[in-house]
Amino acid sequence: MSEDMTLCGVLNEMRLKEEQCDMVLRVDEVEFKVHKIVLCAGSPYFRALFTRWSSSDQTVHRITDVSPHIMELIIHYIYTQEIRVTTDNMQALLVTADYLLMQDLVHGCCDFLKAHLSPENCLAIWEYAEAHSYSELQDQAYTYVLHHFEDIVWSPSSKFLELNEEQLGGILQRDELNVKQEKMAFQAIIRWIKHEPDVRKQHIVNLLLKVRLALIDLEYLEYIKTHPLVSSFQECQTIITSTLTAIKNVGTNIGHLGPLARQRLPYSILFAVGGTRKLSSTNVLETYNSKMDSWMCISCRKGKARVGHGTVFLDGFVYVIGGSDSMFHLKTVCKFNPLDGTWNEVAHMNSHRSSVSVAILDGYIYAMGGSGGRGWLNTAERYQPSTNEWSLIPSMHEKRCKASATTLLGKIYICGGRNRTRSLFTAECFDPSYNQWSQIEQMHIPRRCLGVIALNNQVFAIGGLDGDNNRLQSVEAYNPHTNSWRMLASMFNPRSNFGIEVMDGRLYVVGGFNNKRATFNCEYYDEERDRWFNVQDMNIVRGGLSCCVISGLPNVTDYIVAYDDPL
């Protein structure tokens, strides 16, 4: 313990024992005996109160507009620099800290609120921060509102319905507004108006202009046109009719329709990392914007070229793990900062791992199996970013190279792969609570070089190579509650060694090898319809790549094709 901390501890102990106290704070009927010099050091307000705003012989001060409980927390913080923050006392604590000019405590309270934003409280925090000029908290709460708008609209909280027309219009017009489908913006307007229809229905014209109407399908636009609120205002009818006419005239090239056709910025971006092209590995990143169905290449001169690696996003960084550089199996790990585009190496794994399987769980990165150059591995290890250290965990039941892994319901699932002799049907899961692996029901088809991902409380095993070296387009899903697999709709294309990720509720497969060569083809799976859909091809043909998804990037425009540029 440092001398300062020892001093704090002694002073607080003296306060609690009422030793050498020379000042009393009276809050309601509760008296707090304190040391004047300690409170002067902890709060500019108290320093002014004791030295300039009162006589030197005054020993009792009445403090108003604060509860005894909050004052006890404030005094405890001044003496110990420890604060007992909860969601229940936070607002009162923040107001009092601000009044007492205790900026460190104000910042701490704001940080607490930032970390505890939710669809239920973000609007209240935004309005509160705006009223008290906490600009950083205000900006973060507003960004949260934009990114979680759909959850907020249908939240049990009534705060959305209490917005005024200017606030709602400001939210709806932002490019950063995150809605899966543009019709959600219209539905939000209707819900808001129905809360006070007589007062609010007059705002339908102005609010309708904030909706990107040209992004809505024609069938739903016709529904909007006939909606009672819309049909009762001629201005609304004019807006909808002109939009419908313009869309029918220009067809799919709606970019010429101006603000009503401007795409919103994507909340999530899919990153495709590394892989092999023309027999050599690449370090080029590509990013996919689902709003525009477009890919963009990112310059990565300092990124190490890899194939057969794993990629995860954790705590603001993209980690690229193991793999090979087309010559050597790698144990190295590097991380990419998407905010400034820089790469840095972190601690090496204990083992060289090419064709490695990776997953994240509870703030750890797990690396499992792969090839170490001297054979296939059943060992596994995990990385803790805060200590920059890898540590071994129990080995898997089977050696697995070219398997794939994912996280679901607090466990890691790894499926398929190859051991020394064959492709594997088998799968197993790791439970960190018991620090052990358990085998689960085997897949219907042996698969190596497959993709494994969690979606809607199921584990999906997709594509790969079977035991006869046939590339697969089949898909199966594992239900952990029934310990069983079921077959689903097959991909359009057979593929192995591809990237796989879930973004915006869709399951994407990216690149890989088809039956002839590496491909840039991509598609996604819609589980509700049990159907696959093609999306835009990547710019670069590549197999042996891996993917991750980053959401809420403040500099998202660095990773998408500019909307005013030709695609």
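Gln-20 is exposed, its relative accessible area being 65%, and this residue sits in the loop that joins helix 1 (3–16) to strand 1 (23–27). In this predicted model, Gln-20 also carries a positive phi of about 60° although it is not a glycine. The protein around Gln-20 has 567 residues, of which buried residues make up 52%, and it contains 16 helices and 29 strands.

**Overall form and surface**

- Taken along the principal axes, the C-alpha atoms of the protein fill a box of roughly 95 × 70 × 45 Å.
- Among the contacts in the protein with a separation of 6 or more, 56% are accounted for by residues that stand 24 or more positions apart.
- The protein exposes about 26700 Å², and carbon and sulfur atoms supply 48% of that area.
- The side chains of the protein include 54 positive and 63 negative ones, and the centres of these two sets lie 9 Å apart.

**Domains and annotation**

- The domain assignment divides out domain 1 (7–116), domain 2 (163–260) and domain 3 (402–492), and the centres of domain 2 and domain 3, taken over C-alpha atoms, are separated by 44 Å.
- According to an unreviewed UniProt entry, the feature "domain: BTB" is placed at residues 21–87.
- Over residues 21–87 the chain is 42% helix and 19% strand, while the C-alpha atoms at the two ends of this stretch are 32 Å apart.

**Helix 10 and its surroundings**

- Helix 10 (residues 165–172) is mostly covered, since seven of its eight residues count as buried under the cut-off of 20% relative accessible area.
- The buried residues of helix 10 are Glu-165, Gln-167, Leu-168, Gly-169, Gly-170, Ile-171 and Leu-172.
- These buried residues of helix 10 pack against helix 7 (122–131), helix 8 (135–147), helix 9 (149–153), helix 11 and helix 13 (204–208).

**Exposed residues in helices 8 and 11**

- Glu-136 belongs to helix 8, one of the helices against which the buried residues of helix 10 pack.
- Glu-136 counts as exposed because its relative accessibility is 54%, above the cut-off of over 50%.
- The C-alpha atoms of Glu-136 and Asp-111 are separated by 9.6 Å, with their positions 25 residues apart along the chain.
- Lys-194 has its place in helix 11 (residues 183–195), another of the helices that the buried residues of helix 10 pack against.
- Lys-194 counts as exposed because its relative accessibility is 59%.
- Between the C-alpha atoms of Lys-194 and Glu-286 there is a separation of 44 Å, the two residues being 92 residues apart along the chain.

**Ser-404 and strand 17**

- Ser-404 is found in strand 17 (residues 404–408), and at 11% relative accessibility this residue counts as buried.
- Once its neighbours within four places in sequence are left aside, Ser-404 is in contact with Ser-357, Tyr-413, Ile-414, Cys-415, Leu-450, Gly-451 and Val-452.
- Ser-404 and Asn-497 are 93 residues apart in sequence, and their C-alpha atoms are 9.9 Å apart in space.

**Asn-469 and Val-561**

- Asn-469 lies in the loop between strand 22 (458–462) and strand 23 (475–479), and its phi is near 65°, which is a positive value in a residue other than glycine.
- Val-561 has its place in the segment after strand 29 (546–551), where this residue counts as buried because its relative accessibility is 17%, the cut-off for buried being under 20%.
- Val-561 and Val-318 are 243 residues apart in sequence and 21 Å apart in space, C-alpha to C-alpha.

Terms used. Residues numbered from 1 in each chain as written. Predicted model: local features only at pLDDT ≥ 70, side-chain atom pairs only at ≥ 80, totals over all residues. Heavy atoms only, no water. UniProt positions renumbered as here; feature names shortened; annotations may be inferred. Helix = DSSP H or I, 4+ residues; strand = E, 2+ residues; numbered from the N terminus. Buried < 20%, exposed > 50% of the residue type's maximum accessible area, 1.4 Å probe, protein only. Contact = heavy atoms within 4.5 Å. Areas by Shrake-Rupley, 256 points an atom, 1.4 Å probe, with all protein chains shown as cover. Lys, Arg positive; Asp, Glu negative; His and termini not counted. Charge placed at Lys NZ, Arg CZ, Asp CG, Glu CD. Domains from an automatic or database assignment.
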